[in-house]
Amino acid sequence: MESLTTGTLAGTGSFRCEECGYVVTLAAADSLPDCPGCGGSRFAQASLSDGDPGRETARRCVGLVVLRHRDLVRSVIAAKVPPGAIDDVESDVWLRFSRKAYSGDEITNPVGLLLRMAMFCRADFHANRPAAEPTLGDWDDASDDAALDDIVVTAAVADLLAPLGDRQRDVVWQRIIEGRSSAEVAAMMNTTAGNIDVIVHRALSRMREAQP
Amino acid sequence: MSDRALELFEQYLDQRASGQQPDAAALVHEAGDQADVLAGMIAAYAATHPADVTEDQLDLIAARPELELPRPWPELLPALRERTHTTRATLVSRLCEALGVPGSERQVGDYVHELEAGLISPARVRPAVVSALAAVLGVPRSLLESSRGLAVEPPPSSGLNFARSARYADDALMSLGALEPDADPRVDDLFTGGDDG
């Protein structure tokens, strides 16, 4: 595990001194102090499940899914939430996702579930609702599970691209979703890179107009 | 290309391609009135291109308390105190400070004990107490919020009732109790005035 040293802005969490084991807890804006126990300067992230391999394995499995899709969640949140609140709302998403994972239900479409949870959490933020309190039971409800599992990524992307015509959709898909360059897309579609840029520009304008 | 959303999306792709970890949220905010469109593009791209994850990143994320298995407050609060080397006295003192009820340590301490022992429902606690506990224990508020609905078997109460009644049956203790400050009704409300209260 990576060592963190005194003075590092390590983010919210707890950190165990590598010399004496003392745990210090930081808020987001705090930097790591010298260890209050021994004066040491090297720390590792502390875990609630220290010493329990089963729990640690479960956390790492959930953590892997979380990390692989973090950009998805943060971008969805950031579209509607001010910068100072993003980390808190993101934290709510991870909390809900981990609770769902630990419920024992199979998660067949984690991306769709995360997308839905991110939208719920940002809605909770604007409604000033305590995010996770009323929903823990909801996520454990079988009927809700079925609804959540029906959400697929392609549907979410299709919604996003719905306002576009067929050619615009093809271009945007190749250019943005597939990440190809304008020249590559132009070659595939027998046109020029400049024309692809124009199509993308118009498509983005249409998508922007279609946003509620 | 003049479109701001596309420029920032290119920046996002370039950073990912070069092995960096762009902050998707920061880029979305940078897009201003095009934030929705950029968010949609990044979300769509990220959904179909999951990020690579290193062992170090996994170690860090796995240590986040919100990824912990859910536990009811009587298990969670002592575990969080132990993790942060926070004694109950320290927790109580900092709670009193955060809640603006200095001098009510004994009363707050009793409630903290009852919460940790499962003698009162966390659902009765006011949101201000949840926020204060989260701040003192260094965890997201939502972790405590989501856990306070988890049921815990109440322990047998007869012994505790006996102990409490015995305390006030003792004349000497009664006189000592009379010297203690009166219970602050604000503290009672903070710890029992919530949904179930």
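Tutor: A residue counts as buried if 20 or more other C-beta atoms lie within 10 Å of its own. Keep that cut-off in mind. This is a predicted model.

Student: Which residues of helix 3 of chain B are buried?

Tutor: The list is Ala35(B), Val37(B), Leu38(B), Ala39(B), Gly40(B), Met41(B), Ile42(B), Ala43(B), Ala44(B), Tyr45(B), Ala46(B) and Ala47(B). That makes 12 of the 14 residues, and the helix is mostly covered.

Student: How does the length of helix 3 of chain B compare with what its 14 residues should span?

Tutor: The two agree. At 1.5 Å a residue, the helix should span 20 Å, and its end C-alpha atoms are 20 Å apart.

Student: Take one residue of that helix. Why does Ala46(B) count as buried?

Tutor: Apply the cut-off. Ala46(B) has 26 C-beta neighbours inside 10 Å, so it counts as buried. Ala46(B) sits in helix 3, residues 35-48 of chain B.

Student: What does Ala46(B) contact, leaving aside neighbours within four places in sequence?

Tutor: Its partners are His69(A), Asp71(A), Leu72(A) and Ser75(A). Within chain B, the C-alpha atoms of Ala46(B) and Ala24(B) are separated by 9.7 Å, with their positions 22 residues apart along the chain.

Student: Let me try a contrast. Is Leu58(B) buried or partly exposed?

Tutor: Leu58(B) is partly exposed, because it has 18 C-beta neighbours inside 10 Å. Leu58(B) belongs to helix 4, residues 55-62 of chain B. Beyond four places in sequence, Leu58(B) touches Arg60(A), Gly63(A), Leu64(A), Leu67(A) and Val53(B).

Student: Now the cores. What is the general idea?

Tutor: In soluble globular proteins, nonpolar side chains tend to be buried together. Here the largest nonpolar core has 89 residues. Ile77(A), Ala78(A), Leu114(A), Val28(B), Leu38(B) and Ile42(B) touch the most other members. Helix 3 of chain B supplies the largest share of this core, 11 residues.

Student: Where else is there a core?

Tutor: A second, separate core has six residues, including Phe15(A), Cys17(A), Cys35(A) and Phe43(A).

Student: Back to the largest core. Which residues does Ala78(A) touch, not counting those up to four places away in sequence?

Tutor: Ala78(A) touches Ile86(A). It also touches Ala24(B), Ala25(B), Val28(B), His29(B), Ala35(B) and Ala39(B).

Student: How do I read a strand? Which side chains of strand 4 of chain A point to which face?

Tutor: Follow the alternation. In strand 4, residues 42-45, Phe43(A) and Gln45(A) point to one face and are buried. Arg42(A) and Ala44(A) point to the other and are not buried.

Student: In what sense do strand 1 and strand 4 of chain A pair?

Tutor: They pair in the antiparallel sense, over two bridges. Strand 1 covers residues 4-5. Leu4(A) stands opposite Phe43(A).

Student: How many helices and strands does chain A have?

Tutor: Chain A has 10 helices and four strands. The order along the sequence is β-β-β-β-α-α-α-α-α-α-α-α-α-α. Of its 212 residues, 39% count as buried.

Student: Last feature. How do I read a helix crossing?

Tutor: Take the axes, then the residues that meet. Helix 5 (residues 73-83) and helix 7 (residues 105-117) of chain B have axes that come within 6 Å and cross at roughly 115°. Trp73(B), Pro74(B), Leu77(B) and Pro78(B) of helix 5 meet Leu115(B), Glu116(B) and Ala117(B) of helix 7. The residues of this contact are six nonpolar, no polar and one charged.

Conventions: Residues numbered from 1 in each chain as written. Chains lettered and ligands numbered in written order. Predicted model: local features only at pLDDT ≥ 70, side-chain atom pairs only at ≥ 80, totals over all residues. Contact = placed C-beta atoms within 7 Å. Core = buried A, V, L, I, M, F, W, Y, C linked by C-beta atoms within 7 Å. Axes fitted to C-alpha atoms, helices over the stretch in contact; angles between N-to-C directions. Nonpolar A, V, L, I, M, F, W, Y, C, P; charged D, E, K, R; others polar. Expected span 1.5 Å × (residues − 1). Pairing = 2+ DSSP bridges.
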